[in-house]
Structure formats: structure tokens, C-alpha cells
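Below are some notes on the model, set out as numbered points. Please read them with the structure open.

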Amino acid sequence: MDEKIVLLGAPGSGKGTQAKRLCEELGLTLISTGDLLRSAVRDGTPLGLQAKEFMNAGKLVPDELVVGLIEEKLKGLTGGVLLDGFPRNLEQAKMLDKITKVTIAVDLNVDEDIIVDRIVKRRSCKECNEVYHLDAKPPRADGKCSKCGGELYQRTDDTEEVVRNRLKVYKESTLPLTKFYNDRGILVEVNGRGEIDEVYSRIVDAVKNFRK
Ligand SMILES: [Zn+2]
């Protein structure tokens, strides 16, 4: 059976990085709803044109439309897939369930304080977009990019208050979602703390053990 993996993890959990690598190394197709939307809009597909109307009006693209895009994408694919960024809540999971059966839901757990630290201490270069972390990857000179000497800045939504609020919203919407997958016996919890390589091995092991 072709694997349909859903990767869940809070913003700042490192989920995006892990998703890319899992796909490269396990030969899965990455289905990122953000990318799907962008390419459908760019290619002017029927669903893309509908999505564009919502976006132009400053509205959220309805879930039905996003699910339609996923369905279209799945039709043309063979082999396993990994979904990143969808579903984000129980309603979306139920809609997804009508078009395809998820085989594993991997939930990447990272302590809230670690995520806050990662995000709040993040600085980016105004010139070349290089990303620093004040403790883990500090610039050589305060406030200056080590690569190009550009000025470093902090994104306005990277403050502790905003991040904690974002995490609270995330938790509230994903709890029913993890319960949904847990009730089906397909939820796998993975400790997302530590180095990228370490976390990656844990995810791969968890997926392999689940297959047995
Ligand atoms: Zn720079």
C-alpha cells in the first residue's frame, strides 16, 4: 500500500525541514498545501482560479478547495506521499479522510519554551536573508551579518507574546486532530527536541517501527 503520511508539529518545531528531508531520503512526494495553492494559481487551473478570487479578496481559501487540490494532486501520483501543512484541525482531517486514507500521522513534539527560544532569538539579514540565532548561531559582530555585513533585524511577529499566542492557537486546534488519529491507532509521537539529524533519525525509526 502506498503510504500517506501526515506530519504534525507546531510552528517553530522544525517540521518543514524534516518534511523536506524525509521526502528526499524516503522517496515520498511532498504535498505542501502552500505550494499546491501557489502553483494552481500560477498555472490558472480551474481550482486555482477559484482560489485566486478568495486571495484577491483577502479571504482565506476554503478547506473544500484545498482538499480538491490535494485530490487532484494525488490522482496523478504513484508511491507514498507526505502531507505538510494539512490537515490543521479536525474538520480538515475529516474532509481529507473522504478522499484518501492517512496511514501514519507523525506528531513532532517540542517543548513550548524551546520553540519560543528558537523564534525569539532569531535574527535575519536585511540584505541576504541569512538567518542567525543569538545563542546557537550568533553573528560574529553584534547586529551585523557575518556573510555580507548587512543589518540584522527581528521579524515583528517573532516576539514572545506573539509566539506563545500562536502556539496556544495551534494546541487548541490540533488536540482534537491528534485524538482523531490516535483513536484510529495511527498516531506516532516523536520527540522533536535536539539536533536536526537526531530528530530526523527518530522520525525514520518511528515510521519504520510502525510499518512492522
Ligand atoms: Zn547578509
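1. Phenylalanine 180 belongs to helix α7, which spans residues 160-183. The model is a predicted one, and in it phenylalanine 180 has a relative accessible area of 15%. The cut-off for buried is under 20%, so phenylalanine 180 counts as buried. Setting aside neighbours within four places in sequence, phenylalanine 180 has contacts with Leu90, Ala93 and Lys94. One of these, lysine 94, is 86 residues away from phenylalanine 180 in sequence, with a C-alpha to C-alpha distance of 8.9 Å.

2. Methionine 95 sits in helix α5, residues 90-99. Beyond its neighbours within four places in sequence, methionine 95 contacts Asp63, Glu64 and Val67. Isoleucine 114 is 19 residues from methionine 95 along the chain, and their C-alpha atoms are 32 Å apart. The pair can be set beside phenylalanine 180 and lysine 94, which are 86 residues apart in sequence and 8.9 Å apart in space, C-alpha to C-alpha.

3. Lysine 15 is part of helix α1, residues 15-26. Is this lysine 15 buried or exposed? Its relative accessible area is 14%, so lysine 15 is buried. The contacts of lysine 15, leaving out neighbours within four places in sequence, are Leu7, Leu8, Gly9, Asp84, Gly85 and Leu108.

4. The next points concern the metal site. Which residues coordinate the zinc ion? The donors are the SG atoms of Cys125, Cys128, Cys145 and Cys148, at 2.3 Å. Along the sequence these donor residues follow the spacing C-x2-C-x16-C-x2-C. The angles subtended by the four donor atoms run from 100 to 116°, and the arrangement is therefore tetrahedral; the criterion is that all angles lie between 85 and 135 degrees.

5. The record can be compared with the site. In an unreviewed entry, UniProt lists Cys125, Cys128, Cys145 and Cys148 under "binding site". These residues are spread over 24 residues of sequence but cluster in space, with a largest C-alpha distance of 8.6 Å. In the model, Cys125, Cys128, Cys145 and Cys148 coordinate the zinc ion through their SG atoms.

6. Accessibility can be given for several of the zinc ligands. Cysteine 125 is buried, at a relative accessible area of 0%. Cysteine 145 is also buried, at 4%. Cysteine 128, with 35% relative accessibility, is classed as partly exposed, because partly exposed is the range between the buried limit of 20% and the exposed limit of 50%.

7. Where do cysteine 128 and cysteine 145 lie? Cysteine 128 is in the loop that separates β5 (122-125) from β6 (131-133), while cysteine 145 is in the loop between β6 and β7 (152-153). Not counting residues up to four places away in sequence, cysteine 128 touches Cys145, Lys147 and Cys148. With the same exclusion, cysteine 145 touches Cys125, Cys128, Glu130, Tyr132, Gly150 and Leu152.

8. The strands beside the metal site form an open sheet of three, in the order β6-β5-β7, with antiparallel pairing. Its edge strands, β6 and β7, each pair on one side only. Helix α6 (residues 112-120) packs on this sheet and touches β5 and β6, its direction making about 25° with that of β5.

9. How many bridges join β5 to β6? There are three, and the two strands run antiparallel. Within this pairing, arginine 122 is opposite histidine 133 of β6. The hairpin of β5 and β6 has five residues between the strands, and asparagine 129 takes a positive phi there, near 65°.

10. On the other side, β5 pairs with β7 over two bridges, in the antiparallel sense. Serine 124 faces tyrosine 153 of β7, and cysteine 125 has leucine 152 of β7 as its bridge partner. Cysteine 125 thus appears in two roles, since its SG atom is also among the donors to the zinc ion. Leucine 152, in turn, is one of the residues touched by cysteine 145.

Definitions and conventions: Residues numbered from 1 in each chain as written. Predicted model: local features only at pLDDT ≥ 70, side-chain atom pairs only at ≥ 80, totals over all residues. Heavy atoms only, no water. UniProt positions renumbered as here; feature names shortened; annotations may be inferred. Helix = DSSP H or I, 4+ residues; strand = E, 2+ residues; numbered from the N terminus. Buried < 20%, exposed > 50% of the residue type's maximum accessible area, 1.4 Å probe, protein only. Contact = heavy atoms within 4.5 Å. Donors = N, O, S within 2.8 Å, 3.2 Å for Na, K, Ca; no water. Tetrahedral: all angles 85-135°; square planar, octahedral: opposite > 155°, others 65-115°. Pairing = 2+ DSSP bridges. Axes fitted to C-alpha atoms, helices over the stretch in contact; angles between N-to-C directions.
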